[in-house]
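Please open the model in your viewer and keep the selection tool at hand. The tour below moves from place to place, saying at each stop what to select and what can be found there.

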Amino acid sequence: MTRTLLTEISVATADHSKYGEEVLGLFRFKDETAFFEKASKIFSGVVLLETCNRVEILVHGSGKQLRDFLHGENRFGFEILEGEAALMHLLELAAGTKSMIIGEDQILGQMRRSLLLAESHNTNDVITDVCLNTAIREGVSIRQKTCINKGAVSIGSAAVLLAEELMGNLDGKNILVVGGGEMGTLVARALCEKNLRAIYVTNRSFDRAVLLAQEIKGRAMRLDQLYPCIALSDVVISCTGAPHLIIHGEELAETMNERFWPLDSEPRHLLLIDIAQPRDIDDACRDIAGVSLKTLDDLKSISEKNLAARKTECEHADVLVRAALPEFIKAFNRAASGDLTKTLYTWAEEIRQREKNKALSRLRDADPYTESVIDDLTSALTKKLLEDAAKSIRASAECTDTQTAEILLKAIISGEVSCIRRSE
């Protein structure tokens, strides 16, 4: 039997595998509220997932609708996946096999937050909910069955590995982490394992910086002390969620004047690693003497080494992803069959109300108690009579036997009889 889905589902995807971080930034929707307002007029369900290295849009609708919508928003270059290909993509995403750092766990939290974001804008529906919740559940299961997420696997830890690679080692170095959110925490925790001289943490919220500094035995700094702190540091890793630049070229150039040893002609070397999206560090900083600036694109070398080390686990995860697809389709169709059973119950409710009113009319002057008894009786009978039929429709839908589900529905509500051919 050819597997089919009871309703349309599509994903638009653009990620690190095809685009650099600068180009990927052009795919993002800076005004999420405006995005959801426009998209919800077309799709009954829509979810937006934006991370530092990917933009994903999940919609309850067709690929053509999604493509037309994106072109209307001047977004070109997204890959559009439909039907089972879209479900498979969500499974791979949750399993971490499509991440820049293979096996990273952060994608699961990002998928959960994207669903919460859609809920806050009231743009999710039962189909997008079942898609994301099923994919996340399978992503957790695949991690439990493989070692794909064991070891240093996050963008934050990759940034620390890059710093180590470029500096030779981090022994005795002063490191500044700019940003105390999820990514900043991952960076700080990865740094904890190194033999550093000092870790400084700065954040827009000083309280958050204090909490993180206490956890890693570092020192919290107020954001207005950013440049004096940079002057003391060998490496700065910046990963805030700010929509604007945090470290500017002009101010940094002045700061570098404080990094001269008395007999040196050039300032002490400063390594800046910017893993924020949008970027935290002014690109003009590249031209300042003594400064090296690295971005997400520079993490690819770390990503490739990570992939080579996890090749076997990645292959194992791919097998599990393919094995999970049939159950995913069942869950999807079970949710989608709600429209069929809703039609069934709506049809039955109309008949129940009509027949109940006829009965009350015959009784004449029925008191409220009698009306209540008849209402309960007809409601219970309707529910009981439809129970098995609804169960059969859902079961057919789960098995992707859409033809049988629709024939059953038509036979009940319109008396339309068709033969159901069974393949041998």
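## A tour of pockets and rings

Begin with the second largest pocket of this predicted model, which has a volume of about 210 Å³. To find it, select T13, D15, S17, E79 and K98, which are the closest to the centre of this pocket among the 15 residues that line it. Next, colour the strands β1 (10-15) and β4 (79-82), the elements that give two or more residues to the lining of the second largest pocket. The largest share comes from β1, with three residues. If you then colour the lining of the second largest pocket by class, you should find four nonpolar, seven polar and four charged residues.

Now move on to the largest pocket, whose volume is about 1500 Å³. Its lining is made up of 47 residues, and the ones to select for its centre are T240, G241, A242, Q277 and P278, which lie closest to that point. Several elements each supply at least two residues of the lining of the largest pocket, namely α1 (21-24), β2 (46-51), α5 (106-120), α8 (182-192) and β6 (198-203). Of these, highlight α5, which gives the most to the lining of the largest pocket, with five residues. Coloured by class, the lining of the largest pocket divides into 19 nonpolar, 15 polar and 13 charged residues.

The next stops are aromatic rings, and the structure holds six aromatic pairs. Select Y19 and F27, which form a tilted pair with 4.7 Å from centre to centre and 45° between the planes. Are these two residues buried or exposed? Y19 counts as buried because its relative accessibility is 16%, and F27, with a relative accessible area of 5%, is buried as well.

Then select F35 and F36, whose ring centres are 5.2 Å apart and whose planes stand at 70°, so that this pair is edge-to-face. F35 is buried, with a relative accessible area of 2%, and F36 is buried too, at 1%. Widen the selection to F29, F35, F36, F43 and F69, and you will have one aromatic cluster on the screen.

Stay with F29 from that cluster and add R75, whose charged end sits over the ring of F29, 4.2 Å from its centre. For the last stop, select F206 together with R222, where R222 lies over the face of F206 at 3.9 Å from the ring centre.

Notes:
Residues numbered from 1 in each chain as written. Predicted model: local features only at pLDDT ≥ 70, side-chain atom pairs only at ≥ 80, totals over all residues. Heavy atoms only, no water. Phe/Tyr/Trp six-rings, centres within 6.5 Å; stacked < 30°, edge-to-face > 60°. Buried < 20%, exposed > 50% of the residue type's maximum accessible area, 1.4 Å probe, protein only. Lys NZ or Arg CZ within 6 Å of the ring centre and 35° of its normal. 1 Å grid on protein atoms, 1.4 Å probe; cavity = no way out; pocket = protein on both sides within 12 Å on 5 of 7 lines; lining within 4 Å. Points joined across faces, edges and corners; volume = space filled by probe spheres on them. Helix = DSSP H or I, 4+ residues; strand = E, 2+ residues; numbered from the N terminus. Nonpolar A, V, L, I, M, F, W, Y, C, P; charged D, E, K, R; others polar.
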